[in-house]
Amino acid sequence: MNSTRTALHDYISEMPIINTHSHHLSDRSFSGFSLDEVLHESYINWSKVDFSNTPESRASYLEKVRYNSYFVWLQKSLQKLYHFDGPITEANWDEISSRIAEAHHNPHFHIDVLKQRCNYQAVIVDTYWAPGSDNGHPELFHPTFRVDPFFYGYSKTRLDHDGNNANLLYGELPHDLDGYLSFLYDKIKEKKQAGCVAIKAAIAYDRGLDIAPATAQQASVVFSKPEAELTEQEIKHFQDYLFLRVCEFAAEFSLPLQCHTGMGQLRNTRPAALQYAIQENPETKFVLFHCGFPWTDDINALLHFFPNVYVDLCWLPILSPTVAERVVQELVEIATADKILWGCDTWTSEDSYGAFLAMRDVLSKAFSKKIEEKYFPLEDAKQLIRNILQNNARQLFFSSL
């Protein structure tokens, strides 16, 4: 590691960070934690490679996932947190698992890792299983309010990708458009008063982001016909209309709208699909997650043309640090210095620390190259890092911090 990269690496290590996106689990979820739980609660689990408790199964699992970026950064985290060198193997699996379990005998351990090892000053948490919850730690967690269940509230049985429906979460909702919108408006107001600092929409896991104009009359159809008779286009009219109203509510309540973009259900989920919603709601601050991966160029275009667009690097450094490094350099060239944020986008402290390590590596590599190219000096790189990891989030979400 050259001296410039080392200086940036060390600078990040000492910096208080505002983490803009997490799904951190509740305290009780860490009771009886082990290596198996850490792996199952990480993105490695998305690879659909499973394991059992036999040495043969564990060896086969490790052979398949060892070079995956999710695994690499989680392993680096575990090595530092639980003091072992070398890779995880079927031979040391139980010993590492015992160390994890022992550490979590302290019910505060998972929070201590976030505060002391990751140096998080504040974390925006998306508890999609209990929208708007601060996980019982208001001193650290600041909730975003996920509105996805409302896109399925025209039905009492249809569920979003997380298994939620607004009627199941909040009791039976009004079955007319005006009443439904009033309920959502009041719920957002209530959640803001309770401490929510943003609104979150992850509908890209359920449908496309191709939000189009829709009238109230078109949206009302879902309340006037039996569900079995509704067409996909009629449902889309309702969801498009509702999304645009959510954008208006976000502006009215001065709550940034965090949007999952990129990988989801993949069809029509590239960031550019949101262009209509963005241009029709200039007072709404759209925070586009994951840099739209794999359609990262869309983010650059939207940032270039729309001053109400922000980009969150969450997920990208552990998804692909190679892509993240390239994207960071492009964002610096295209975006203004106040538009870039970072969140860990993880469920456990072990994975969050791994995401921190990956982000630190990406930023120190990307900016040391820009310094070597004489694009900017070291002090400017430090200022950009402060913006990405602290100042921009404070200005956008936490003016009082």
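This briefing looks at strand β6 and the sheet around it. The model is predicted, so to speak of local features a pLDDT of at least 70 is needed, side-chain atom pairs count only at pLDDT 80 or more, and totals for chains, interfaces and linings use all residues. Residues are numbered from 1 along each chain as its sequence is written, and side-chain values use heavy atoms, with hydrogens and water left out.

**The sheet**
- The open sheet has 8 strands in the order β1-β2-β3-β4-β5-β6-β7-β8, with parallel pairing.
- At its edges are β1 (17-22) and β8 (340-341), each of which pairs on one side only.
- Strands and helices here are DSSP runs numbered from the N terminus (strands E, at least two residues; helices H or I, at least four), and two strands pair if DSSP finds at least two bridges between them.

**Strand β6 and its neighbours**
- Strand β6 covers residues 286-289, with Phe286 and Leu288 buried on one side and Val287 and Phe289 buried on the other.
- Buried means under 20% relative accessible area, using a 1.4 Å probe and protein chains only.
- In a regular strand, side chains alternate between the two faces of the sheet.
- Strand β5 (residues 257-259) runs parallel to β6 and is joined to it by 3 bridges; Cys259 sits opposite Leu288.
- On strand β7 (residues 309-312), 4 parallel bridges connect to β6, and Asp312 is the bridge partner of Phe289.

**One strand further**
- Strand β4 (residues 198-201) is joined to β5 by 3 bridges, also in parallel.
- Cys259 in β5 is the bridge partner of Ala201.

Note on methods:
Buried < 20%, exposed > 50% of the residue type's maximum accessible area, 1.4 Å probe, protein only.
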